[in-house]
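Hi everyone, thanks for coming. Have a look at the structure I'm about to put up, and then we'll walk through a few parts of it together.

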Amino acid sequence: MKQITIIGAGMSGFGAAYHLHQEGVPNAMFDKNPYPGGHTASFKFDTGFIFDDGPHISFTKDERIQKLFAESVGLEYESFEAKFNNYWKGHWIKHPAQVNLHGLPSDLVVDILDEFVKAQFADHGEIKNYEDWLYASFGKKFADTFPMQYTRKYHTTDAANMTTDWLGPRLYRPDLKEVFHGAVSPETADVHYISNFRYPTHGGFESYLNKFYKLTDYQLNHKVTEIDPQEKTITFEDGKVHAYEGLISSIPLPAMIPLIKDVPAEVVAATQKLSATQCVLVNIGIDRADLSDVHVSYYYDDDIFFTRLSFPHMFSKHVAPEGQGSIQAECYFSEKYKPLDRSVEDCIAPVIEGLKKSGIIKDGDKITHQNAQFTPYAQIIYDHDRGPALEVIHGYLDDIGVGYCGRYGEWGYLWTDDSFKSGEKAAQKVLEQISQATK
């Protein structure tokens, strides 16, 4: 068998490479970037800090994936009980907020409790969108104040414009007793869907790929300009042409579909209906490590520029200079719903302002590192156009024998282990297609 070709050197691409290696099938991998890792890349700075391309932790319960990742870092990983909180109008709220209302303004708590109780016994009719689901689950007051507001900041669109097929365990649905207990007591059980997580001790999250780099011939700085499914060739920006027997891609669908020679107009039109957020990551280093008691903080207020904070030095002390702390702020935009209205660098100042306003940066703190980076594809937006468009696109790719994988190939809300397994599945599917074609 000729080589199977993989486009995209990220988590799903290496999942495909791993499966092919296990099957004894040679494979080659290409990526447009000058570094491997894709969305799971880690960046090392002269200031001594390491920042990932967004907050990445491994909380998979799949023992096989746990073992693979652990072996990839020579069993050198940190393991933590995950801690999260929320910031709303000067209040710090344990996560999830729906069972941690204690300490919020009494009028707000009373309204939330009143409407939550009524929502449990009301006939809500057909649930047509995420807004309907939130109102039915939590009542209007809580939904409007917290998850719907966060949706506008994180997904850049309204809850009514979103479906519910992305939810899974992400929003905890408590019973009445839990909600009332959290309203009268500051002591509540931990019910977040992430209970524990692992993170590599050295090198940032990308280190989880260490083992897999050796399983494929990966070549960087190879930007694809054309895919010809009839001739089974890929053309790169430098003019080189590469022949393939089977092809697997983790390139974001809106970027990949236009590369295909003679792609039907209806497939292109469907691709244009897909939406994803863009993210400006602002990375900050501070000359002290006691910045927060949690790993991740969610921010709801419109006058705070960022949506979510993570503190990488709490994942591993080796991603920051000794005695210093690191902050990564996520600022979300989207071409369709909330275009980026400034330069990437101009996002740093309002992030620092928000960090000071919420008390993360204090008077006397010294900023020892700051940079901003742009992620053109961040979270998939599950708007109402997604499902029908994806059916057309994936159907076409299946017809021409091109495998797709990862968050941006499947165009779904995939976590790290999901992405790796997505690559494995895509590899197996391509092998089966080739086997059928040669019979």
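Let me start with a question: how many bridges join strand β14 to β18, and in which sense do the two strands run? The answer is 8 bridges, and the strands run antiparallel. Before I go on, please keep in mind that this is a predicted model. Strand β14 covers residues 278-286, and if you want one place to look, Val 280 stands opposite Phe 374 in β18.

Now let's zoom out to the sheet. β14 and β18 belong to an open sheet of 7 strands, in the order β7-β6-β15-β16-β17-β14-β18, with mixed pairing. At the edges sit β7 and β18, and each of these pairs on one side only. From one strand to its neighbour, the turn is 20 degrees on average, ignoring direction. Helix α6, residues 147-154, packs on this sheet and touches β15, β16 and β17. The direction of α6 makes about 100 degrees with that of β15.

Over at the β7 end, β6 (residues 84-88) and β7 (residues 91-94) pair in the antiparallel sense over 4 bridges. They form a hairpin with 2 residues between them, and Lys 89 in the turn has a positive phi of about 50 degrees. Trp 88 stands opposite His 91 in this pairing.

Next, the helices. α2, residues 63-72, packs against α13 with the axes 11 Å apart and an angle of about 95 degrees. Angles from 65 to 115 degrees count as roughly perpendicular, so that is how α2 and α13 lie to each other. On the α2 side, the contacts come from Arg 64, Ile 65, Leu 68 and Phe 69. Among the α13 residues they meet are Phe 420 and Glu 424.

Hold on to Phe 420, because it also forms a tilted aromatic pair with Tyr 18, at 5.8 Å centre to centre and 45 degrees between the planes. Tyr 18 is in helix α1 and Phe 420 in α13, so this pair ties together parts that are 402 residues apart in sequence. Both residues are buried.

There are 39 aromatic pairs in the structure, and Tyr 18 has another one, with Phe 212. Those ring centres are 5.7 Å apart and the planes are at 90 degrees, so the pair is edge-to-face. Phe 212 sits in the loop between β8 and β9, 194 residues away from Tyr 18, and Phe 212 is buried too, like Tyr 18.

One last ring: Lys 338 lies over the face of Phe 333, at 5.4 Å from the ring centre. Thanks, everyone!

Notes. Residues numbered from 1 in each chain as written. Predicted model: local features only at pLDDT ≥ 70, side-chain atom pairs only at ≥ 80, totals over all residues. Heavy atoms only, no water. Phe/Tyr/Trp six-rings, centres within 6.5 Å; stacked < 30°, edge-to-face > 60°. Buried < 20%, exposed > 50% of the residue type's maximum accessible area, 1.4 Å probe, protein only. Lys NZ or Arg CZ within 6 Å of the ring centre and 35° of its normal. Pairing = 2+ DSSP bridges. Axes fitted to C-alpha atoms, helices over the stretch in contact; angles between N-to-C directions. Parallel < 35°, antiparallel > 145°, perpendicular 65-115°, else oblique. Contact = heavy atoms within 4.5 Å.
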